Amino acid sequence: MLRGRTAIITGSTSGIGLGVARRLAGAGADIVLNGFGDADEIEALRADIANTHGVRATYHGADMSKPAEIAALIAHAKAEHGRLDILVNNAGIQFVAPVEEFPPERWDAVIAINLSASFHTTRLAVPLMRAQGWGRIINIASAHGLVASVNKVAYVSAKHGLVGMTKVVALETAGSGITVNAICPGWVLTPLVQKQVDALAESKGLNDAEAREALLGEKQPSKKFVSPEQLGGLAVFLCSEDAAQVTGTTHSMDGGWVAQ
Ligand code: NAD
(Lines give C-alpha, C1' and ligand atoms only; values in the text may rest on other atoms or scores of the structure.)
Protein backbone atom coordinates (compact mmCIF):
# COMPACT_ATOMS: atom_id res chain seq x y z
CA MET A 1 0.00 0.00 0.00
CA LEU A 2 2.86 2.41 0.78
CA ARG A 3 5.41 1.01 -1.71
CA GLY A 4 7.52 3.82 -3.16
CA ARG A 5 6.71 6.19 -0.29
CA THR A 6 9.36 7.44 2.15
CA ALA A 7 8.58 8.02 5.83
CA ILE A 8 10.61 9.86 8.46
CA ILE A 9 9.77 8.80 12.00
CA THR A 10 11.50 11.00 14.58
CA GLY A 11 12.60 9.24 17.78
CA SER A 12 12.25 5.79 16.22
CA THR A 13 15.13 3.98 17.94
CA SER A 14 12.79 3.02 20.80
CA GLY A 15 9.20 2.66 21.94
CA ILE A 16 6.29 4.08 19.95
CA GLY A 17 8.43 5.48 17.12
CA LEU A 18 10.00 2.08 16.52
CA GLY A 19 6.58 0.39 16.54
CA VAL A 20 5.27 2.93 14.02
CA ALA A 21 8.37 2.52 11.83
CA ARG A 22 7.94 -1.26 11.79
CA ARG A 23 4.25 -1.04 10.83
CA LEU A 24 4.89 1.55 8.08
CA ALA A 25 7.69 -0.66 6.71
CA GLY A 26 5.27 -3.61 6.90
CA ALA A 27 2.93 -1.61 4.65
CA GLY A 28 5.82 -1.12 2.19
CA ALA A 29 7.18 2.33 3.04
CA ASP A 30 10.90 3.12 2.92
CA ILE A 31 12.01 4.35 6.33
CA VAL A 32 14.25 7.06 7.76
CA LEU A 33 14.98 6.17 11.38
CA ASN A 34 16.05 8.86 13.87
CA GLY A 35 16.84 8.94 17.57
CA PHE A 36 19.57 8.31 20.10
CA GLY A 37 21.18 5.06 21.18
CA ASP A 38 24.07 2.68 20.71
CA ALA A 39 25.36 2.83 17.10
CA ASP A 40 25.58 -0.98 16.70
CA GLU A 41 22.08 -1.51 18.09
CA ILE A 42 20.67 1.17 15.78
CA GLU A 43 22.40 -0.41 12.78
CA ALA A 44 20.92 -3.80 13.78
CA LEU A 45 17.42 -2.24 13.97
CA ARG A 46 17.89 -0.55 10.60
CA ALA A 47 19.06 -3.76 8.91
CA ASP A 48 16.26 -5.80 10.54
CA ILE A 49 13.55 -3.41 9.27
CA ALA A 50 15.04 -3.39 5.76
CA ASN A 51 15.46 -7.17 5.57
CA THR A 52 12.19 -8.15 7.23
CA HIS A 53 10.04 -5.95 5.02
CA GLY A 54 12.11 -5.64 1.83
CA VAL A 55 12.19 -1.84 2.08
CA ARG A 56 14.99 0.70 2.07
CA ALA A 57 15.82 1.92 5.59
CA THR A 58 18.34 4.61 6.50
CA TYR A 59 19.23 6.36 9.74
CA HIS A 60 19.93 10.00 10.57
CA GLY A 61 20.96 10.98 14.09
CA ALA A 62 19.61 14.55 14.20
CA ASP A 63 19.11 15.95 17.70
CA MET A 64 15.51 17.14 17.54
CA SER A 65 16.22 20.00 19.94
CA LYS A 66 18.47 21.61 17.29
CA PRO A 67 16.82 23.30 14.28
CA ALA A 68 19.95 23.02 12.08
CA GLU A 69 20.11 19.25 12.67
CA ILE A 70 16.37 18.96 11.94
CA ALA A 71 16.99 20.67 8.59
CA ALA A 72 19.76 18.13 7.91
CA LEU A 73 17.32 15.27 8.66
CA ILE A 74 14.80 16.53 6.10
CA ALA A 75 17.63 17.13 3.59
CA HIS A 76 18.80 13.53 4.18
CA ALA A 77 15.38 12.16 3.13
CA LYS A 78 15.44 14.26 -0.01
CA ALA A 79 19.07 13.43 -0.88
CA GLU A 80 19.05 9.71 0.02
CA HIS A 81 15.46 8.72 -0.82
CA GLY A 82 14.60 11.41 -3.36
CA ARG A 83 11.34 12.25 -1.61
CA LEU A 84 9.44 12.66 1.67
CA ASP A 85 5.83 11.44 1.79
CA ILE A 86 5.15 10.67 5.44
CA LEU A 87 6.37 12.58 8.48
CA VAL A 88 5.74 11.14 11.93
CA ASN A 89 6.64 13.64 14.65
CA ASN A 90 7.22 11.31 17.57
CA ALA A 91 10.45 12.16 19.44
CA GLY A 92 9.61 13.20 22.97
CA ILE A 93 10.84 13.43 26.54
CA GLN A 94 9.14 13.78 29.91
CA PHE A 95 10.00 15.61 33.12
CA VAL A 96 7.85 15.51 36.24
CA ALA A 97 7.79 18.21 38.95
CA PRO A 98 5.35 20.75 40.41
CA VAL A 99 5.34 24.08 38.56
CA GLU A 100 7.15 26.02 41.30
CA GLU A 101 10.00 23.48 41.31
CA PHE A 102 10.12 22.85 37.56
CA PRO A 103 13.67 23.67 36.33
CA PRO A 104 13.48 26.27 33.54
CA GLU A 105 16.06 24.37 31.46
CA ARG A 106 13.84 21.24 31.61
CA TRP A 107 10.89 23.37 30.42
CA ASP A 108 13.00 24.58 27.49
CA ALA A 109 14.12 21.04 26.60
CA VAL A 110 10.59 19.56 26.69
CA ILE A 111 9.16 22.41 24.61
CA ALA A 112 12.06 22.16 22.11
CA ILE A 113 11.76 18.40 21.53
CA ASN A 114 8.02 17.79 22.07
CA LEU A 115 6.73 20.93 20.30
CA SER A 116 9.22 23.14 18.41
CA ALA A 117 10.85 20.16 16.63
CA SER A 118 7.50 19.37 14.98
CA PHE A 119 7.19 22.97 13.78
CA HIS A 120 10.65 22.73 12.17
CA THR A 121 10.09 19.33 10.51
CA THR A 122 6.64 20.42 9.31
CA ARG A 123 7.70 23.78 7.87
CA LEU A 124 10.41 21.98 5.85
CA ALA A 125 8.31 18.94 4.85
CA VAL A 126 5.21 20.79 3.61
CA PRO A 127 6.89 22.30 0.50
CA LEU A 128 8.18 18.84 -0.54
CA MET A 129 4.73 17.30 0.00
CA ARG A 130 2.95 20.14 -1.81
CA ALA A 131 5.23 19.62 -4.84
CA GLN A 132 4.25 15.92 -4.88
CA GLY A 133 0.55 16.64 -4.28
CA TRP A 134 0.50 14.03 -1.51
CA GLY A 135 1.63 13.93 2.09
CA ARG A 136 0.82 12.59 5.52
CA ILE A 137 1.88 14.32 8.73
CA ILE A 138 1.17 12.41 11.92
CA ASN A 139 1.87 14.07 15.24
CA ILE A 140 2.26 11.74 18.20
CA ALA A 141 0.60 13.90 20.85
CA SER A 142 -0.88 12.23 23.96
CA ALA A 143 -3.95 11.98 26.15
CA HIS A 144 -2.05 14.90 27.70
CA GLY A 145 -2.73 16.86 24.49
CA LEU A 146 -6.42 16.80 25.48
CA VAL A 147 -6.49 16.73 29.28
CA ALA A 148 -4.01 17.58 32.05
CA SER A 149 -2.33 15.85 34.96
CA VAL A 150 -0.43 17.36 37.87
CA ASN A 151 3.36 17.82 37.74
CA LYS A 152 3.62 17.76 33.93
CA VAL A 153 3.41 21.45 33.07
CA ALA A 154 5.90 21.37 30.19
CA TYR A 155 4.70 18.08 28.70
CA VAL A 156 1.00 18.97 28.83
CA SER A 157 1.70 22.46 27.42
CA ALA A 158 3.77 20.99 24.58
CA LYS A 159 1.20 18.31 23.73
CA HIS A 160 -1.73 20.77 23.79
CA GLY A 161 0.39 22.98 21.52
CA LEU A 162 1.02 20.07 19.17
CA VAL A 163 -2.73 19.45 18.88
CA GLY A 164 -3.18 23.14 18.00
CA MET A 165 -0.38 22.94 15.42
CA THR A 166 -2.06 19.89 13.89
CA LYS A 167 -5.27 21.87 13.31
CA VAL A 168 -3.54 24.96 11.87
CA VAL A 169 -1.40 23.02 9.40
CA ALA A 170 -4.39 20.85 8.41
CA LEU A 171 -6.33 24.00 7.51
CA GLU A 172 -3.39 25.50 5.62
CA THR A 173 -2.88 22.31 3.57
CA ALA A 174 -6.54 21.28 3.11
CA GLY A 175 -7.26 20.21 -0.46
CA SER A 176 -3.56 19.87 -1.36
CA GLY A 177 -3.37 16.09 -0.93
CA ILE A 178 -1.68 16.53 2.44
CA THR A 179 -3.37 15.47 5.67
CA VAL A 180 -2.27 16.38 9.18
CA ASN A 181 -3.53 14.47 12.21
CA ALA A 182 -2.63 13.81 15.82
CA ILE A 183 -2.61 10.47 17.61
CA CYS A 184 -3.23 10.70 21.35
CA PRO A 185 -1.97 7.59 23.12
CA GLY A 186 -2.71 6.73 26.74
CA TRP A 187 -0.12 4.74 28.71
CA VAL A 188 2.27 2.70 26.54
CA LEU A 189 4.93 0.66 28.36
CA THR A 190 8.06 2.21 26.84
CA PRO A 191 11.29 3.38 28.54
CA LEU A 192 9.66 6.84 28.95
CA VAL A 193 6.83 5.33 31.03
CA GLN A 194 8.97 2.73 32.82
CA LYS A 195 10.82 5.66 34.46
CA GLN A 196 7.46 6.85 35.86
CA VAL A 197 6.64 3.29 37.01
CA ASP A 198 10.02 3.16 38.80
CA ALA A 199 9.38 6.53 40.48
CA LEU A 200 5.95 5.35 41.69
CA ALA A 201 7.40 2.06 42.96
CA GLU A 202 10.05 3.98 44.88
CA SER A 203 7.71 6.61 46.38
CA LYS A 204 4.93 4.15 47.38
CA GLY A 205 7.12 1.14 48.26
CA LEU A 206 5.56 -1.06 45.52
CA ASN A 207 7.08 -3.78 43.37
CA ASP A 208 7.20 -3.33 39.58
CA ALA A 209 3.93 -5.18 38.83
CA GLU A 210 2.07 -3.28 41.59
CA ALA A 211 3.44 0.05 40.37
CA ARG A 212 2.34 -0.68 36.76
CA GLU A 213 -1.13 -1.60 38.00
CA ALA A 214 -1.32 1.57 40.13
CA LEU A 215 -0.22 3.76 37.21
CA LEU A 216 -2.82 2.27 34.87
CA GLY A 217 -5.55 2.27 37.54
CA GLU A 218 -5.19 6.00 38.08
CA LYS A 219 -5.95 7.02 34.45
CA GLN A 220 -6.63 4.18 32.01
CA PRO A 221 -10.03 2.46 32.51
CA SER A 222 -9.10 -0.61 30.41
CA LYS A 223 -6.20 -1.20 32.86
CA LYS A 224 -4.11 -2.42 29.93
CA PHE A 225 -1.22 -0.71 28.18
CA VAL A 226 -1.59 0.42 24.55
CA SER A 227 1.14 -1.16 22.38
CA PRO A 228 3.49 0.60 19.92
CA GLU A 229 2.29 -1.84 17.23
CA GLN A 230 -1.37 -0.85 17.76
CA LEU A 231 -0.38 2.81 17.38
CA GLY A 232 1.53 1.82 14.24
CA GLY A 233 -1.66 0.26 12.87
CA LEU A 234 -3.48 3.57 13.33
CA ALA A 235 -0.62 5.41 11.60
CA VAL A 236 -0.88 3.01 8.62
CA PHE A 237 -4.62 3.74 8.41
CA LEU A 238 -3.95 7.51 8.42
CA CYS A 239 -1.55 6.97 5.48
CA SER A 240 -4.14 5.04 3.47
CA GLU A 241 -6.40 6.42 0.75
CA ASP A 242 -9.40 5.61 2.99
CA ALA A 243 -8.08 8.35 5.28
CA ALA A 244 -7.60 10.95 2.53
CA GLN A 245 -10.38 13.13 4.02
CA VAL A 246 -9.28 12.66 7.62
CA THR A 247 -7.41 15.84 8.53
CA GLY A 248 -7.07 18.19 11.46
CA THR A 249 -8.28 15.56 13.91
CA THR A 250 -7.12 13.88 17.10
CA HIS A 251 -7.31 10.09 17.38
CA SER A 252 -7.29 8.75 20.92
CA MET A 253 -5.97 5.25 21.62
CA ASP A 254 -6.02 5.30 25.38
CA GLY A 255 -8.16 2.53 26.89
CA GLY A 256 -10.85 5.11 27.70
CA TRP A 257 -8.64 7.69 29.48
CA VAL A 258 -10.19 10.88 28.03
CA ALA A 259 -13.75 9.52 28.01
CA GLN A 260 -13.87 10.10 31.79
P1 NAD B 1 10.88 6.45 24.34
O2 NAD B 1 11.70 7.10 25.40
O3 NAD B 1 10.77 4.97 24.29
O4 NAD B 1 11.39 6.92 22.90
C5 NAD B 1 11.69 8.25 22.64
C6 NAD B 1 12.47 8.31 21.35
O7 NAD B 1 12.80 9.69 21.10
C8 NAD B 1 13.80 7.54 21.40
O9 NAD B 1 14.06 6.99 20.12
C10 NAD B 1 14.81 8.65 21.72
O11 NAD B 1 16.13 8.34 21.28
C12 NAD B 1 14.21 9.78 20.93
N13 NAD B 1 14.67 11.09 21.35
C14 NAD B 1 14.61 11.65 22.59
N15 NAD B 1 15.16 12.87 22.56
C16 NAD B 1 15.56 13.08 21.28
C17 NAD B 1 16.20 14.16 20.62
N18 NAD B 1 16.56 15.28 21.27
N19 NAD B 1 16.47 14.03 19.31
C20 NAD B 1 16.15 12.90 18.63
N21 NAD B 1 15.53 11.85 19.21
C22 NAD B 1 15.25 11.95 20.52
O23 NAD B 1 9.45 7.15 24.46
P24 NAD B 1 8.01 6.76 23.90
O25 NAD B 1 7.17 6.45 25.08
O26 NAD B 1 8.08 5.81 22.78
O27 NAD B 1 7.53 8.19 23.39
C28 NAD B 1 7.42 8.52 22.02
C29 NAD B 1 6.40 9.65 21.88
O30 NAD B 1 5.13 9.19 22.30
C31 NAD B 1 6.73 10.89 22.72
O32 NAD B 1 6.41 12.05 21.98
C33 NAD B 1 5.79 10.73 23.89
O34 NAD B 1 5.47 11.97 24.46
C35 NAD B 1 4.60 10.11 23.24
N36 NAD B 1 3.68 9.42 24.14
C37 NAD B 1 4.12 8.37 24.91
C38 NAD B 1 3.21 7.74 25.74
C39 NAD B 1 3.59 6.56 26.59
O40 NAD B 1 2.80 6.14 27.42
N41 NAD B 1 4.77 5.97 26.41
C42 NAD B 1 1.89 8.18 25.83
C43 NAD B 1 1.50 9.26 25.04
C44 NAD B 1 2.40 9.86 24.21
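An oxygen atom of the ligand lies 2.8 Å from a polar backbone atom of isoleucine 16. The model that shows this contact is a predicted one. Glycine 11 also contributes through its backbone: one of its N or O atoms is 3.3 Å from a ligand oxygen atom. Tyrosine 155 takes part through its side chain, where a polar atom comes to 2.6 Å from an oxygen atom of the ligand. On its own, the ligand has 840 Å² of accessible area, and the protein covers 93% of it. The surroundings comprise 31 residues. The closest of these are Ser14, Asn90, Tyr155, Val188 and Thr190.

Isoleucine 16 also serves as a reference point for valine 226. The two residues are 210 positions apart in sequence, yet their C-alpha atoms are 9.8 Å apart in space. Valine 226 belongs to the loop between α7 (208-219) and α8 (228-239). Its relative accessibility is 7%, so valine 226 counts as buried; the cut-off for that class is under 20%. Beyond its sequence neighbours up to four places away, valine 226 touches eight residues by name: Gly186, Trp187, Val188, Leu189, Gln220, Leu231, Met253 and Asp254. Val188, one of these contacts, is also among the closest residues to the ligand.

Glutamine 220 sits in the loop between α7 and α8 as well. Its relative accessible area is 0%, and glutamine 220 is therefore buried. The side chain of glutamine 220 reaches the backbone oxygen of lysine 224 at 2.7 Å. Residues up to four places away in sequence aside, glutamine 220 touches Gly186, Trp187, Phe225, Val226, Asp254, Gly255 and Trp257. Gly186, Trp187 and Asp254 appear in this set and in the contacts of valine 226. Aspartate 108 provides a contrast in space. Its C-alpha atom is separated by 29 Å from that of glutamine 220, with the two positions 112 residues apart along the chain.

Lysine 223 is a further member of the loop between α7 and α8. Its relative accessibility of 54% is why lysine 223 counts as exposed. Phi of lysine 223 is near 60°, a positive value in a residue other than glycine. Asparagine 151 likewise has a positive phi without being glycine, with a value near 70°. Asparagine 151 is found in the loop between β5 (135-140) and α5. With a relative accessible area of 34%, asparagine 151 is partly exposed.

Aromatic rings were examined next. The structure holds two aromatic pairs. Phenylalanine 95 and phenylalanine 102 form an edge-to-face pair, with 5.4 Å from centre to centre and 80° between the planes. Phenylalanine 95 is partly exposed, at 28% relative accessibility. Phenylalanine 102 has 9% relative accessibility and so counts as buried. In the other pair, the ring centres of tryptophan 187 and tryptophan 257 are 5.4 Å apart; the planes meet at 45°, so this pair is tilted. Tryptophan 187 lies in the loop between β6 (178-185) and α6 (191-204), whereas tryptophan 257 lies in the segment after β7 (250-253), so the pair ties together parts 70 residues apart in sequence. Tryptophan 187 is buried at 7% relative accessibility. Tryptophan 257 is buried too, at 5%. Both tryptophans are touched by glutamine 220.

Another ring has a charge over it. The charged end of arginine 5 sits over the ring of tryptophan 134, at 3.6 Å from the ring centre.

Two helix positions complete the account. Threonine 173 lies in helix α5, which spans residues 153-173. Its relative accessibility is 1%, so threonine 173 counts as buried. Setting aside residues up to four places away in sequence, threonine 173 touches Val126, Arg130, Ile178 and Val180. Lysine 78 lies in helix α3, residues 67-81. At 44% relative accessibility, lysine 78 counts as partly exposed. With the same sequence neighbours left out, lysine 78 touches Arg83 and Leu128. Lysine 78 is 165 residues from alanine 243 in sequence, and their C-alpha atoms are 25 Å apart in space.

How values were computed. Residues are numbered from 1 along each chain as its sequence is written. Side-chain values use heavy atoms; hydrogens and water are left out. Helices (H or I, at least four residues) and strands (E, at least two) are DSSP runs, numbered from the N terminus. Buried means under 20% relative accessible area, exposed over 50%, partly exposed in between (1.4 Å probe, protein chains only). Contact means heavy atoms within 4.5 Å. Rings of Phe, Tyr and Trp (its six-membered ring) pair if their centres lie within 6.5 Å; planes under 30 degrees apart count as stacked, over 60 as edge-to-face and the rest as tilted. A charge sits over a ring if NZ of Lys or CZ of Arg is within 6 Å of the ring centre and within 35 degrees of the ring normal. A residue is near a molecule or strand if one of its heavy atoms lies within 4 Å of it. A polar contact is a pair of N or O atoms within 3.5 Å; within protein, one must be able to donate a hydrogen and the other to accept it, and residues adjacent in sequence count only if both atoms are side-chain atoms. Accessible areas come from the Shrake-Rupley method with a 1.4 Å probe; for residues, only the protein chains shown count as cover.
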